[in-house]
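Biologist: I should like to learn how to read the features of a model such as this one. May we begin with a single residue and work outwards?

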Amino acid sequence: MFILGLGFLWKPVAILAAFMTGFSIAFLNDSFAVTFNEKVTRTVRQFSPHLAAKMRPPITPVIRGRPSSKRSIHICGRPRWLFVLLFSAVSCMLWLTSCSLLTVLWALLIALLTTVLHASFRTPNLKARLNTFREEFRAVWRNYSEL
């Protein structure tokens, strides 16, 4: 987000589009969506308790005394997919109007390539390898010190 923001300093609409894209991606994260919902509801409750009561998610049915294990996440009383779709659509419109779509595609391609390269060069169990190397080095050092 920060890199995209720096890249679009001369286009404020593109900066807004980058933030909207970031929010649409962040709403896919469960913990972010729940935290965002709680903060917005708490803020709205301070100004209008009646509106905050309307923002509650619909009541889920309880079957045999147990709540449903597959509980959907709601943001401001609406399903999460609605917010993701809305923020994605607005960000796409802003990207198109700011004429920065090609730059965004290049940035996303570079980010994807960087992620793939990092994952391919990453050594699994690096911490364990370093610990075994340290133990081997200590054993060799002890042998030299005994001489």
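Biologist: Is Ser-98 buried or exposed?

Modeller: In this predicted model, the test is whether the relative accessible area falls under 20%. Ser-98 has a relative accessibility of 9%, so this serine counts as buried.

Biologist: Where is Ser-98 found with respect to the helices?

Modeller: Ser-98 is found in the loop that links helix H5 (80-97) to helix H6 (101-121). A polar atom of the Ser-98 side chain lies 3.2 Å from the backbone oxygen of Trp-95.

Biologist: Which residues is Ser-98 in contact with, leaving aside its neighbours within four places in sequence?

Modeller: With those neighbours set aside, Ser-98 is in contact with Lys-11, Val-13 and Ala-14. Val-13 and Ala-14 are also among the H2 residues that meet H5.

Biologist: How should one describe the packing of two helices?

Modeller: Two packed helices are described by the angle between their axes and by the distance between those axes. Here, helix H2 (residues 12-26) packs with H5 at an angle of about 155°, and their axes are 8 Å apart. Angles over 145 degrees count as roughly antiparallel, and therefore H2 is roughly antiparallel to H5. The crossing of H2 past H5 is left-handed.

Biologist: Which residues of H2 and H5 meet?

Modeller: On the H2 side they include Leu-16, Ala-17, Met-20 and Phe-23, and on the H5 side Phe-87, Val-90, Leu-94 and Trp-95. Val-84 in H5 also belongs to this set.

Biologist: Is Val-84 buried or exposed?

Modeller: Val-84 is buried, because its relative accessible area is 15%, under the 20% cut-off. Its contacts, apart from neighbours within four places in sequence, are Ser-24, Phe-27 and Leu-28. The C-alpha atoms of Val-84 and Ile-25 are separated by 7.4 Å, although the two residues stand 59 apart along the chain.

Biologist: What does UniProt list as "transmembrane region"?

Modeller: The unreviewed UniProt entry lists residues 12-36, 81-98 and 104-121 under that heading. In the model, the span 81-98 is 94% helix and 0% strand, with its end C-alpha atoms 25 Å apart. The span 104-121 is 100% helix and 0% strand, and its end C-alpha atoms lie 26 Å apart.

Biologist: How many helices and strands are there in the protein?

Modeller: There are 7 helices and 4 strands, following the pattern α-α-α-α-β-β-β-β-α-α-α along the sequence. Of the 147 residues, 21% count as buried. Among contacts between residues at least 6 apart in sequence, 58% join residues at least 24 apart.

Methods
Residues numbered from 1 in each chain as written. Predicted model: local features only at pLDDT ≥ 70, side-chain atom pairs only at ≥ 80, totals over all residues. Heavy atoms only, no water. UniProt positions renumbered as here; feature names shortened; annotations may be inferred. Helix = DSSP H or I, 4+ residues; strand = E, 2+ residues; numbered from the N terminus. Buried < 20%, exposed > 50% of the residue type's maximum accessible area, 1.4 Å probe, protein only. Polar contact = N/O pair within 3.5 Å; in protein donor to acceptor, adjacent residues only side chain to side chain. Contact = heavy atoms within 4.5 Å. Axes fitted to C-alpha atoms, helices over the stretch in contact; angles between N-to-C directions. Parallel < 35°, antiparallel > 145°, perpendicular 65-115°, else oblique. Left-handed = near helix turned anticlockwise from the far one by under 90°.
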